[in-house]
Amino acid sequence: MAHTFDSVLANDLIKVLHRNDSRGVFVIQVGEICTQIEITLSRYMDCDRTTFWLTHAIKSPIQSFASRARYLEADYPASALFYAVSNFTDWYRDAVEQGHQPSDDWLEDY
């Protein structure tokens with residue numbers, strides 16, 4: 001099944017504070033972390049690829065270094081948003097499952 005903006009943002013750990021689908025701008029919070037994360041999508045003009053930029057990186061207690069997103073581009077916009085969101089939610093979920101208390105300190109400015 002292909003991702004849509006709505007399906008990506010329906011993640012139980014995501015709170016959407018602002019979204020502008022046309023501009024590819026999404027402001028979210030993850031779980032109990034209060035820091036606002038902005039995700040900006042952009043299309044290449046010479047191919048069908050979408051890239052994304054993040055205002056923050058996540059470094060939970062189970063990580064040895066901050067995750068600065070594995071995939072910086074994808075085939076289509078909703079897929080790029082999925083990669084960006086998953087970068088935060090996967091680490092967050094794993095850390096909480098291992099007994100760590102969420103903290104704003106888990107996010108670092110880019």
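The legends below describe close-up views of a predicted model.

**View 1. The sheet has five strands and is open.**
The strand order is S1-S2-S3-S4-S6, and the pairing is antiparallel. S1 and strand S6 (73–74) lie at the edges, each pairing on one side only. In general, strands of a sheet pair through backbone hydrogen bonds, either parallel or antiparallel.

**View 2. Strands S1 and S2 form a hairpin.**
S1 covers residues 14–20 and runs antiparallel to S2, with six bridges joining the two. One of the facing pairs is Lys15 with Gln29, the latter in S2. Four residues lie between the strands of this hairpin, where Gly24 has a positive phi near 75 degrees.

**View 3. Strands S2 and S3 form a second hairpin view.**
S3 covers residues 37–43, and four bridges join S2 to this strand in an antiparallel arrangement. Val27 is placed opposite Glu38 of S3, and Phe26 has Ile39 of S3 as its bridge partner. Six residues separate the two strands, and in the turn Gly31 takes a positive phi of about 50 degrees.

**View 4. Strand S2 is mostly covered.**
S2 spans residues 25–30, and six of its six residues are buried. In a regular strand the side chains alternate between the two faces of the sheet. On one side of S2 are Val25, Val27 and Gln29, on the other Phe26, Ile28 and Val30, and both faces are covered.

**View 5. The largest nonpolar core has 27 residues.**
The residues with the most contacts inside this core are Ile28, Ile39, Leu41, Phe52 and Leu81. Two or more residues each come from helix H1 (5–9), S2, S3, strand S4 (50–54) and helix H2 (77–97). H2 gives the largest share of the core, eight residues. In soluble globular proteins, nonpolar side chains tend to be buried together.

**View 6. Leu81 touches residues distant from it by over four places in sequence.**
Its partners, with residues up to four places away left out, are Phe5, Val8, Leu9, Phe26, Ile39 and Leu41. Among these, Ile39 and Leu41 are also listed with Leu81 as having the most contacts inside the largest nonpolar core. Phe26 is the residue whose bridge partner in S3 is Ile39.

**View 7. Thr35 lies in the loop between S2 and S3.**
Neighbours within four places in sequence aside, Thr35 is in contact with Ile28, Gln29, His56, Asp104 and Leu107. Gln29 is also the residue of S2 that stands opposite Lys15. From Thr35 to Arg68 the C-alpha separation is 16 Å, while the two are 33 residues apart in sequence.

**View 8. Arg68 lies over the face of Tyr110.**
The distance from Arg68 to the centre of the Tyr110 ring is 5.0 Å. Apart from this contact of a charge with a ring, a search of the whole structure finds three aromatic pairs.

**View 9. Cys34 and Cys47 differ in exposure class.**
Cys34 counts as exposed because its relative accessibility is 53%, and the cut-off for exposed is over 50%. Cys47 counts as partly exposed, with 34% relative accessibility. Zero disulfides are found in a search of the whole structure. A disulfide is a covalent bond between the sulfur atoms of two cysteines.

How values were computed. Residues numbered from 1 in each chain as written. Predicted model: local features only at pLDDT ≥ 70, side-chain atom pairs only at ≥ 80, totals over all residues. Heavy atoms only, no water. Disulfide = S-S within 2.5 Å. Buried < 20%, exposed > 50% of the residue type's maximum accessible area, 1.4 Å probe, protein only. Phe/Tyr/Trp six-rings, centres within 6.5 Å; stacked < 30°, edge-to-face > 60°. Lys NZ or Arg CZ within 6 Å of the ring centre and 35° of its normal. Pairing = 2+ DSSP bridges. Core = buried A, V, L, I, M, F, W, Y, C linked by side-chain atoms within 4.5 Å. Contact = heavy atoms within 4.5 Å.
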